Amino acid sequence: MSAKAISEQTGKEFLYKYMCTSAAVQNRSLCASVTAETDWGRLTQEHPWLLTKRLVVKPDQLIKRRGKLGLVGINLDLQGVQQWLKAHLMRETTVGKAKGILKNFLIEPFVPHTQEEEFYVCIYATREGDHVLFHHEGGVEVGDVDAKAQRLMVAVDDKLSDAQVTEQLLTHVPDDKKEVLASFIVGLFSLYEDLYFTYLEINPLVVTGDGVYILDMAAKIDATAEYICKAKWGDVEFPPPFGREAYPEEAYIADLDAKSGASLKLTLLNPCGRIWTMVAGGGASVVYSDTICDLGGVDELANYGEYSGAPSEQQTYDYAKTILSLMTRKKHPQGKILIIGGSIANFTNVAATFKGIVRAIKDYLGPLKEHEVTIFVRRGGPNYQEGLRVMGEVGKTTGIPIHVFGTETHMTAIVGMALGHRPIPNQPPVDAHTANFLLNASSSPMTPATTRTASFSEPRTSNDVTPAKKSKAGLPAAKATTLFRKDTKTIVWGMQTRAVQGMLDFDYVCSREQPSVAAMVYPFTGDHKQKFYWGHKEILIPVYKNMADAMKKHPEVDVMISFASLRSAFDSTVEAMQYPQIHTIAIIAEGIPEAQTRKMIKMADEKGVTIIGPATVGGIKPGCFKIGNTGGMLDNILASKLYRPGSVAYVSRSGGMSNELNNIISRTTDGVYEGVAIGGDRYPGSTFMDHVLRYQDTPGVEMIVVLGEIGGTEEYKICQGIREGRITKPMVCWCIGTCATMFASEVQFGHAGACAHQASETALAKNQALRDAGAYVPKSFDELGDVIRTVYNDLVAKGTIIPAQEVPPPTVPMDYSWARELGLIRKPASFMTSICDERGQELLYAGMPITEVFKEEMGLGGVLGLLWFQRRLPRYACQFIEMCLMVTADHGPAVSGAHNTIVCARAGKDLISSLTSGLLTIGDRFGGALDAAAKQFSKAFDSGMLPMEFVNKMKKDGKLIMGIGHRVKSINNPDMRVQILKDFVKQHFSSTQLLDYALDVEKITTSKKPNLILNVDGFIGVAFVDLLRTCGGFTRDEADEFVEIGALNGIFVLGRSMGFIGHYLDQKRLKQGLYRHPWDDISYVLPEHMSM
């Protein structure tokens, strides 16, 4: 949702802080908030004026007409306010249909004034601009301001002046107040624009000799503009409508939504209700709520919500478990119903989302059975068959009644089944597979003849294309009637390779001669080429950093598809409109601020450009062109016969519902001629009427379907068009959102524009108006397909539509990655790994989630145990590993590894090069003795050789005993590192057989020479063997294998890397120059001069 109501206190804080006006605004920041938890002593300290002024107290919970409801305490002292609150605070009250608890109150200074000093002012946004309403009589009895008030419309991008306000709004205002009011209203309008308000009403606005007082205020701001206004807004709280509590679960889902690229919404209507929904798609979620209410379930409907935009398995799991947690808190005598529904997805992987839902169902298995929950599922889209299979399987294995249906079942049929209005079929759905698009298996032999010819074989003619006509000077350019042709070329803004490949596959199956995508624009890389498939063949599509280069090199392009983010969509769209070759732009992004959208619309109207979106999946013209992910994957393209044109054109707001319309129309008629989803925002770039008139003027279209929705008044223009004879083709219309009038409090549905601000904007009113105008309007969405079939059959009977023989489309191979996703193929992997998995929602170390690693406080030693040894080692073993890393971290700058690192650092090399230089010195002579010592001592001990025999044998063989000897330390000057490790090992290891053996060897070697001690490398080597053999986590063979493959040397490499990095940073910090070895430290030994 974009326009969200804010509390009166928040609105006034914005006004007092940021409004610029020469009018003297009084009582700035004099407002105090009171709840049941308020500490009155502290409140009066923060607001000492409470003790001295006469006061007004009122609830601040989005309640309209508080004065008429007796909810305002006037001209009271602080004690009087407290007495008044005793009668109202935390008391239940009814406002209209809504019943709620009064919790939040606002206290302000009382302003003595006369009726003549009260005024009314309101600013609100529409598509064309912002309307300023002013009435010279404000207050409780203001009445119908729409009829009474003076009105001024400020067009998009225009400014408001004092002179305009005075001339057009203040005609009935006394002369001595005109200047003050004009300055105030202009300042208010600037605030309204700067802080992205969408609605701002002050009633009454009081003007006295002292200045201007804002008594009561109501406001909404565009929540999508947070990224622009965050610095001024701060952390805004959006209170729920009166009568609906703010639940922590709603806040949790809102937080998930904010952190996700997907859309996750939840509104609790009746937590004790029997019927719960988990619906995919903003439009579909409204349709399911409508159907539940139509079938008598309004009092039992527990929630409204939706998940869409390809949420991950984890996000869907989090969403589903929240729903299941809520619905299993209170039992219902009739048991409970969960409807997991949705339209046919365009790009969401249904199986992935369903796996998340299945995880949640398994987690709540006990409560679901205890509360006698029955689940009904209906879904379609990419990989939906696997999703349905998984869902059906969990029903069979758990015993929970789960009824599963796919695209063969009407979208809302499961609601009738769930509520007992229609039987549940015993026959399971026909097995289908996403791989079906490899086959030509169409069961319908008929397709329209005329449109088939027009789309596939007829060359482009002047009748086929209506480009934007050049307009006379000063008038906006006319827009094209035909947006897409069989040779349409587009530029795609954004690196959306999956969407582009889907477009190319559609092009190929439609028998286009060339791909529809000419180029891509992606500002974050240099110019390059991206590989795609054209049927079986690989092709390259250029990618440009700059849009100007793409436009210049591809003059044939006349469409741009923008996958730009909500932050960059405005700028990229404005830039695209600077090129006259572009006549259509599709904007996919959701969440673009409405003020920016209106500016784009104004510019597009001036330039004759058609905008589809924002917040849309796009549109499709079968046989010609599709926008991005519209129509879903190829199996749905074929199932809905979108590879060739039919006779029915449609326009909807919802992207998911547009795909459902593809399905419905393909099953009830000869198919779709063209379909557009204009987007769910309040101000779509093009309107229903824009496209209906195009279809009216397009010869191949014989009937039109419009799927409208609650909010806005665009559908009334269709009514007018039918009455005036501008629209003559049969119109089938249905507006979703009929349930809204049945709810006690206002519900904001999934789309930003789906909210009625007056009676005429309700779905019920619009459906009736369309019916009265002569459109075919079903009784419910359930009957939409039947009405479409009836109208179509009538046209066939009249001979208006003549079905023709179906021609099968060419086959398109399935992408390898998708075939693997479906489990259709297998191939040997190039790599195998058993220590780490980053593919899921959470990183796994040897199967252990990273959150568990931190929760268990495993430390670095524990992580090393998981990644190196695939074991969860005992705590003492983890500590020993960490101690080894600490004692091997460094041994001064003189050793070869540190020396090399220092020389490299001083030569200006980077960190990685310097570190690598040091690491390359590690071997048998420096640092690499851990493995060698472990192997030598283990072999001797395991063979039963006595320590003296081992020493004598090594001497006889002329080999050094690895891990014995130190340049500086001796038996008389012991190495404290070894002593620290020895004390720990002796205290914590259950057995130290090999260490004891090595210490016996040390006694022999030190008797010969005092510096032949067991050094730190040798100690770690033998102690580690004892650890592996005795900690209980390894077999003897596994322990020996780790020694053999070099795991122990890894301890030294890892530890000493810390020291090498320290030396590198030290040299850089000391700014040491290039190192050159001194001559006096080099012995030059050259051969003597040889004379002839």
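**Figure 1. Helix H9, residues 282-294, in the predicted model.** Helix H9 contains 13 residues. From its first C-alpha to its last it reaches 19 Å, close to the 18 Å expected at 1.5 Å a residue. This view, like the others below, comes from a predicted model. How many of the residues of H9 are buried? The helix is mostly covered, with 12 of its 13 residues buried. The buried residues include glycines at the start, Gly282 and Gly283, and then Ala284, Ser285, Val286 and Val287. Also buried are Tyr288, Ser289, Asp290, Thr291, Ile292 and Cys293. Just after the helix, Gly296 takes a positive phi of about 90°.

**Figure 2. Strand S3, residues 55-59, and the strands paired with it.** Five of the five residues of S3 are buried, so the strand is largely enclosed by the rest of the structure. Here a residue is called buried when its relative accessible area is under 20%. Which residues lie on each side of S3? Leu55, Val57 and Pro59 are on one side, and Val56 and Lys58 are on the other. Both faces are covered. S3 is joined to strand S4, residues 73-76, by two bridges, and the two strands run antiparallel. In this pairing, Val57 of S3 stands opposite Gly73 in S4. S3 also pairs with strand S7, residues 105-109, in the antiparallel sense over five bridges. There, Lys58 stands opposite Leu106 in S7.

**Figure 3. The largest cavity and the residues that line it.** Three cavities of 30 Å³ or more are counted in the model. The largest cavity holds about 70 Å³ of space. Which residues line the largest cavity? Its lining is made of Tyr16, Gln26, Asn27, Leu30, Glu108, Pro109, Val111, Tyr213, Ile214 and Leu215. Two elements, S7 and strand S12 (211-214), give two or more residues to this lining. S7 is also the strand that pairs with S3 over five bridges in Figure 2. By type, the residues of the lining divide into seven nonpolar, two polar and one charged.

**Figure 4. Strand S25, residues 559-562, between its pairing partners S21 and S26.** Val559 and Ile561 point one way from S25, while Met560 and Ser562 point the other way. Are these residues buried or exposed? All are buried. Strand S21, residues 490-493, pairs with S25 in the parallel sense over four bridges. Within this pairing, Met560 in S25 is the bridge partner of Ile491. Four bridges also join S25 to strand S26, residues 584-587, and these strands run parallel. Here the bridge partner of Ile561 is Ala586 in S26.

**Figure 5. The segment annotated as CoA-binding, residues 483-592.** The UniProt annotation "domain: CoA-binding", from an unreviewed entry, covers residues 483-592. Over these residues the chain is 25% helix and 29% strand. The end C-alpha atoms of the segment are 24 Å apart.

**Figure 6. The chain as a setting for the close-up views.** The chain has 38 helices and 37 strands. What share of its 1092 residues is buried? Buried residues make up 55% of them. Taken along the principal axes, the C-alpha atoms of the chain fill a box of roughly 115 × 90 × 85 Å.

Terms used:
Residues are numbered from 1 along each chain as its sequence is written. This is a predicted model: local features need pLDDT of at least 70, side-chain atom pairs count only at pLDDT 80 or more; totals for chains, interfaces and linings use all residues. Side-chain values use heavy atoms; hydrogens and water are left out. The expected span of a helix is 1.5 Å times one less than its number of residues. Buried means under 20% relative accessible area, exposed over 50%, partly exposed in between (1.4 Å probe, protein chains only). Two strands pair if DSSP finds at least two bridges between them. On a 1 Å grid over the protein atoms alone, a cavity is a set of points where a 1.4 Å probe fits but cannot get out, and a pocket is an open set with protein on both sides within 12 Å along at least five of seven lines; lining residues have an atom within 4 Å of a point. Grid points are joined across faces, edges and corners, and a volume is the space filled by probe spheres set on the points. Ala, Val, Leu, Ile, Met, Phe, Trp, Tyr, Cys and Pro count as nonpolar, Asp, Glu, Lys and Arg as charged, and the others, Gly among them, as polar. UniProt positions are given in the numbering used here, feature names are shortened, and annotations may be inferred rather than shown by experiment.
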